[in-house]
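Please open the model in your viewer and follow the selections below in order.

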Amino acid sequence: MSSITPISSAQPLFKKPQLGASQKPQAHFLSMPISPKKSRMVVVAATTAAEKGKKRYPGEAKGFVEEMRFVAMKLHTKDQAKEGEKEPQGQPLARWEPSVEGYLRFLVDSKLVYDTLERIVDKAAFPEYFGTTDFSYTYAMLWLFVLDAEFKNTGLERSERLAKDLEWFKEQGHAIPEPSSPGITYAQYVEELSEKDPPAFICHFYNTYFAHSAGGRMIGRKVAEKILNGKELEFYKWEGELSQLLQNVRDKLNRVAENWSREEKDHCLEETEKSFKFSGEILRLVLS
């Protein structure tokens with residue numbers, strides 16, 4: 001929202017019309033005395049007009065996270081979300097025929113991605129790094145410092161819980177596979193983004209954690225009903241109230257994005273489709 005410059009230091013909102021030598025002064029409402037109350041009305045009216053002229057992005061008024069949510073929801077199908085615009089691809093969830101082996105591949109690759117995200121956030125930006133003359137390196141270290149300060153120990157972390165689930169499967173006699181191409185590729189990608197493209201990284205951070213807390217839980221419940229006798233894995237449990245954990249992270253994301261330019265915000269939003277592509281390839285492992 002545009003800020004209102006204090007009236008005492010503001011430039012005049014309007015100038016008196018300049019009259020030629022042959023012109024007679026004409027009455028003008030701005031030349032009349034204006035009471036303090038009416039003066040405030042003029043400032044508010046001018047600000048409102050400026051706001052109307054500014055392009056508004058969907059969700060912008062509620063903060064940048066709402067912008068990210070809006071873009072993400074459009075990439076769903078109509079049967080997944082009312083805002084969805086994508087055509088359905090493949091079988092609907094109700095017709096899935098998952099296997100334990102495929103589900104294990106999904107869990108292993110998911111763990112690799114969460115391991116990578118959480119390791120990136122846990123990196124310490126050591127003070128000695130700031131003495132370098134390499135601007136890009138210094139920028140990367142400053143960014144890691146922000147991540148460490150804002151997004152460490154949010155309560156949304158999944159890596160340790162996935163480790164417990166994989167241990168449970170092992171105890172049941174299942175062989176735990178090595179990470180496969182979808183998980184390895186995605187983990188490498190977010191690692192690269194964390195070093196050179198913070199806005200794009202934030203897009204993947206947001207979509208990975210928030211999607212799992214919503215649609216991911218539904219998918220986990222459906223798969224468990226089909227192949228695990230309804231067992232709820234640790235992957236789908238959180239300490240504390242999930243809604244509050246999510247709100248805390250929303251607030252942090254909005255706070256970080258306040259310092260971004262519109263170009264940086266748009267760049268972050270444009271990354272959403274790649275996020276869906278990578279996560280979709282991992283999800284499809286459930287049916288492999």
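How much area does the chain expose, and what share of it do carbon and sulfur atoms supply? The chain exposes about 17,800 Å², and carbon and sulfur atoms supply 54% of it; accessible areas come from the Shrake-Rupley method with a 1.4 Å probe, and for residues only the protein chains shown count as cover. This is a predicted model, in which local features need pLDDT of at least 70 and side-chain atom pairs count only at pLDDT 80 or more, while totals for chains, interfaces and linings use all residues. Residues are numbered from 1 along each chain as its sequence is written, and side-chain values use heavy atoms, with hydrogens and water left out.

Begin with the whole chain, coloured by secondary structure. There are ten helices and zero strands (DSSP runs numbered from the N terminus: helices are H or I with at least four residues, strands are E with at least two). Of the 288 residues, 38% count as buried (under 20% relative accessible area; exposed is over 50%, partly exposed in between).

Next, select helix H7, residues 198–227, where Lys226 has its place. His204 also lies in helix H7. Because its relative accessibility is 0%, His204 counts as buried, whereas Lys226, at 41%, counts as partly exposed.

Now display the surroundings of His204. Beyond its neighbours within four places in sequence, His204 is in contact with Tyr186, Tyr189, Val190, Leu193, Glu271, Lys274, Ser275 and Phe278 (contact means heavy atoms within 4.5 Å).

Terms used: Buried < 20%, exposed > 50% of the residue type's maximum accessible area, 1.4 Å probe, protein only.
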